[in-house]
Amino acid sequence: MIARIISLILLLSVCAFAQAKEKSDKMKPKWMTSSLPAPKSPGYIFISAQGTGSSLEEARQSAFVNLTTKLEHERGLVINSSVKVDKEASRISGSRSSVTRQQFQMECTERGKEITLTCRAIDEYWEQNHGRYTVTELYTVNDNKMPDTGSYNDNIRLTTSYGAAPVFYSLIPGVGQFSKGSYVKGGLMLGGTAIGAAAIILCENQRADCAKKMREKPQHFDFYRNKKSNWETGRNVAIGATAALYIYNLIDAAVAPGRRRVVVKNRSYNYSLAPVMYENGAGIGLAFNF
């Protein structure tokens, strides 16, 4: 009976802890742990804002209010009450859940001049602790000072892939994981490899010492031979384990997802000319790809 009660208490504790510590992702996005992304085209900026609330939607609204306050203080804007919101549901590559991206058009006054400010929600990260949500949003804001410019001139995407670079970094175990934001895993890789290398050196030194004593003390030849064999086995096991960990370190650096990051590239506009045949003649067709 007592054992069942203890098991029930442990189960409830685990459930309560899991409920109190929910996160949208295992790791915070890279734009939260380092500098914000840099635009490739003129006419807009990246900016982040944080909000809290008893629900996720309330926390998002709080983050947007804090964004407008930030813009008012940093740019001297006066945000009018009319805000147009457009929503677009999408799925982030590598993510398990859909994300609703929003675009806001705000009527503002800047130094007596009325302007329309376009703001896009690019990414978000949230945590839930005891029923309270904390949301951090990443936005782009067009300054509208340069016509036909802004964030839509860039290709902005979210990814957890880091290409081939982490594999090269992981020639030193763990560094590739560090570059992707997996600090605990990188530390385990680096520490495990270091321990394995130390075990190899220790076992080899002891094996060599036993081999030396076999020659120096022939009366204890069998004793040192057994010890030498044991140290040799330990060395071989350490070599195998360390080699396996090193190979796993390279594979993990290549395929494991890292912190979600924002990739910003200029949109490419290409055109091509191709002959076109008509019923009564021929011509040249012009095709644009963007």
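This is a short dialogue about reading cores, a surface patch and one buried residue in a predicted model.

Visitor: Where should I look for the nonpolar side chains, and which residues touch the most other members of the largest nonpolar core?

Guide: As a general idea, nonpolar side chains in soluble globular proteins tend to be buried together. In this model the largest nonpolar core has 17 residues, and those that touch the most other members are Leu67, Leu71, Met106, Leu117, Cys119 and Tyr139. Two or more residues of this core come from each of the strands β2 (44-53), β3 (77-91), β4 (98-110), β5 (113-129) and β6 (132-142), and also from helix α3 (56-75). Another core, of nine residues, lies apart from it and includes Trp31, Tyr44, Leu138 and Ile156.

Visitor: Which residues make the nonpolar surface patch?

Guide: Phe168, Tyr169 and Leu171 make a nonpolar patch of about 360 Å² on the surface. Tyr169 belongs to helix α4, which covers residues 165-169, and its relative accessible area is 43%. Tyr169 is therefore classed as partly exposed, because that class lies between the buried limit of 20% and the exposed limit of 50%.

Visitor: Is Thr159 buried or exposed, and what does Thr159 touch?

Guide: Thr159, which sits in strand β7 (residues 154-159), has a relative accessibility of 8% and so counts as buried, since buried means under 20%. Leaving aside residues up to four places away in sequence, Thr159 touches Arg259, Arg260, Arg261 and Val263. In addition, the side chain of Thr159 reaches the backbone nitrogen of Ser161 at 3.0 Å.

Note on methods:
Residues numbered from 1 in each chain as written. Predicted model: local features only at pLDDT ≥ 70, side-chain atom pairs only at ≥ 80, totals over all residues. Heavy atoms only, no water. Patch = residues over 30% accessible without salt bridge, like charges linked within 9 Å, V, L, I, M, F, W, Y side chains within 5 Å. Areas by Shrake-Rupley, 256 points an atom, 1.4 Å probe, with all protein chains shown as cover. Salt bridge = Lys/Arg side-chain N within 4 Å of Asp/Glu carboxyl O. Helix = DSSP H or I, 4+ residues; strand = E, 2+ residues; numbered from the N terminus. Buried < 20%, exposed > 50% of the residue type's maximum accessible area, 1.4 Å probe, protein only. Core = buried A, V, L, I, M, F, W, Y, C linked by side-chain atoms within 4.5 Å. Polar contact = N/O pair within 3.5 Å; in protein donor to acceptor, adjacent residues only side chain to side chain. Contact = heavy atoms within 4.5 Å.
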